[in-house]
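Some labels on a structure are worth checking against their cut-offs. Here are questions of that kind, each with a short answer.

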Amino acid sequence: MFESLPQYDLESRLIVSLIQGGDAAIKNIPINFRATVFICNSFQEIFRIIELLQKDHLQVNFKEIAKKGNQKLSDEIEDIMKQIPTDLNFADDEINQVGRELIRRAENSSASTIDSKIEIVPNSDIVIMRGSKLLSMNIKKADDLIEGILRSKSLNFIAGEENSGKSMLAMNLAIDVSIGAPTFLSWDLKIHGKVIYINNEMYIEDFASRFKVMNSQLQRGGNVDNFIFLNVSTSLFDVWEELIQICEKEKPCLIILDCLYFAHNQDENDSSKMKALIRKLQSLRDRYNLCVLILHHTKKGARNDRLHNDLMRGAGVFGAAADTVIMMKRSQTEEGKRILKPTKLRHSSDVNREARLLSLNSETLWFRDEGVANEADHLQNSNQITAAETIDFTEIFEGKDELKLKEIVAICEPDGFDKRTIQRLLDAAVRNGKLYKLRHGVYSLNKPSDVDNPIKP
């Protein structure tokens, strides 16, 4: 009877049978299915059977799991493992893997007893919960890795222009977390442990050189072997299984991906493809209850803009999916200084969104927080154009008598220029006589014979 049902319905029937039917129902579970379960450490009972594994003739007795009481979760897992028949000759590492999976799912589960206030939609991933059930849920308070800035279980971005110091800042954080430092910049560190730093941008020798300089200046103790460096020279998808195995072994509290651009071979402006990448990283966050921090670049031509989420290069899914976004840029008025600003904090108050001024010690390669900063004091005059923001309008208008603003935007956006910057550069080109504004939103290239350059409203 069970075998004729779709997988989802089979799982649902097993749940109902186990909750309502007791020992008799357990005996009716087909022996050619091997199941793992969510175990709720708040209620000590089965919530949902979620996976049917492929090994034949392995019976797991769920009777001890279903009983209520004060028995510790680890003891219950041990009981389960004792019930796996020893004459099946499964390798120890396979048995241990099943145990780790059970523990992981137990720790991740926030569900409570199945009752009339929880409804399962057949053949769907939807679970409907009544308001009274939501109010009765026992929700564990979330922990912070950096107090008020990064949650211990979260997906986050540090974004900035090239050569702004993102990698050095991330290395500072990774070292502080791995050695047990009490603070990072001016923020309290609440969780310490192993950090996996995935590098796909710098030469190994350059990274090692920076790491040596940073560590030579430390006056604190701690285990530097908690800092785990991975050099990845291909797409993250190509080494995903290896990364999973490393996480299983090391149990990191923080993973830093430096940087997003070299972690995939897709179009960063394609929301669907970037959504798949983000979901992959979210699965890593959820599976191992860790903090994922991604280093990313800002759009070209954004140096004179105030820091905000939309400055991140590529699809808008990055900012939407992030729990925290921290933007970073060089000060344009003080050499060696940086502006650091949390522009999105899903789980914190606005008081932590203030821009801060950082100074970099070029000898130690450590950043120091100099306090709250007025972002406007560190921006150039908006009319000043830098070399990195130059658009070759001669090339764009080649063979064309006139172009509309939307056409110019369509040409320039793939090169990383946002609409605001394009408009600013157009205005500057009109003032300088390079372009002629025919009418509102329509431009032409000034010819050498043109006498003047009127700006029409």
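Q: What makes strand E16 and strand E17 a pair?
A: Strands pair if DSSP finds at least two bridges between them. E16 (residues 356-360) and E17 (residues 367-372) are joined over four bridges, in the antiparallel sense, so the criterion is met. One bridge sets Leu 358 against Asp 369 in E17. The hairpin has six residues between the strands, and Leu 365 takes a positive phi near 65°. Helices (H or I, at least four residues) and strands (E, at least two) are DSSP runs, numbered from the N terminus.

Q: How far does the predictor trust this chain, by pLDDT?
A: This is a predicted model; local features need pLDDT of at least 70, side-chain atom pairs count only at pLDDT 80 or more, and totals for chains, interfaces and linings use all residues. Residues are numbered from 1 along each chain as its sequence is written, and side-chain values use heavy atoms, with hydrogens and water left out. pLDDT is the predictor's confidence in each residue, from 0 to 100. The protein chain averages 75, and 67% of the residues score at least 70. Over residues 1-74 the pLDDT is below 50, yet this stretch has 146 contacts in the model beyond near neighbours in sequence. Residues 83-118 also stay under 50, with 71 contacts beyond four places in sequence. Contact means heavy atoms within 4.5 Å.

Q: Why is H8 called roughly parallel to H9?
A: Axes are lines fitted to C-alpha atoms, for helices over the stretch in contact, and angles run from 0 to 180 degrees between N-to-C directions. H8 (residues 240-250) and H9 (residues 271-288) pack at about 20°, with their axes 11 Å apart. That makes H8 roughly parallel to H9, because angles under 35 degrees count as roughly parallel (over 145 is roughly antiparallel, 65 to 115 roughly perpendicular, the rest oblique).

Q: Which residues meet where H8 contacts H9?
A: Trp 240, Leu 243, Ile 244, Cys 247 and Glu 248 of H8 meet Lys 280, Leu 281, Ser 283, Leu 284, Arg 287 and Tyr 288 of H9. By class, that is seven nonpolar, one polar and three charged residues. Nonpolar covers Ala, Val, Leu, Ile, Met, Phe, Trp, Tyr, Cys and Pro; charged covers Asp, Glu, Lys and Arg; the others, Gly among them, are polar.

Q: Why is H6 called oblique to H7?
A: H6 (residues 166-179) and H7 (residues 204-216) pack at about 55°, with their axes 11 Å apart. That value falls in none of the three named ranges, so H6 is oblique to H7. In the contact, Ser 167, Met 168, Met 171, Asn 172 and Ile 175 of H6 meet Phe 207, Arg 210, Phe 211, Met 214 and Asn 215 of H7. These divide into six nonpolar, three polar and one charged.

Q: What makes E18 and E19 edge strands?
A: The open sheet of three strands has the order E18-E20-E19, with antiparallel pairing. E18 (403-404) and E19 (435-439) each have a single partner strand, so one side of each is left without a neighbour in the sheet.

Q: How do you know that E19 and E20 pair?
A: Four bridges join E19 to E20 (residues 442-445), and the two run antiparallel. Among the bridge partners are Arg 439 and, in E20, Val 442.
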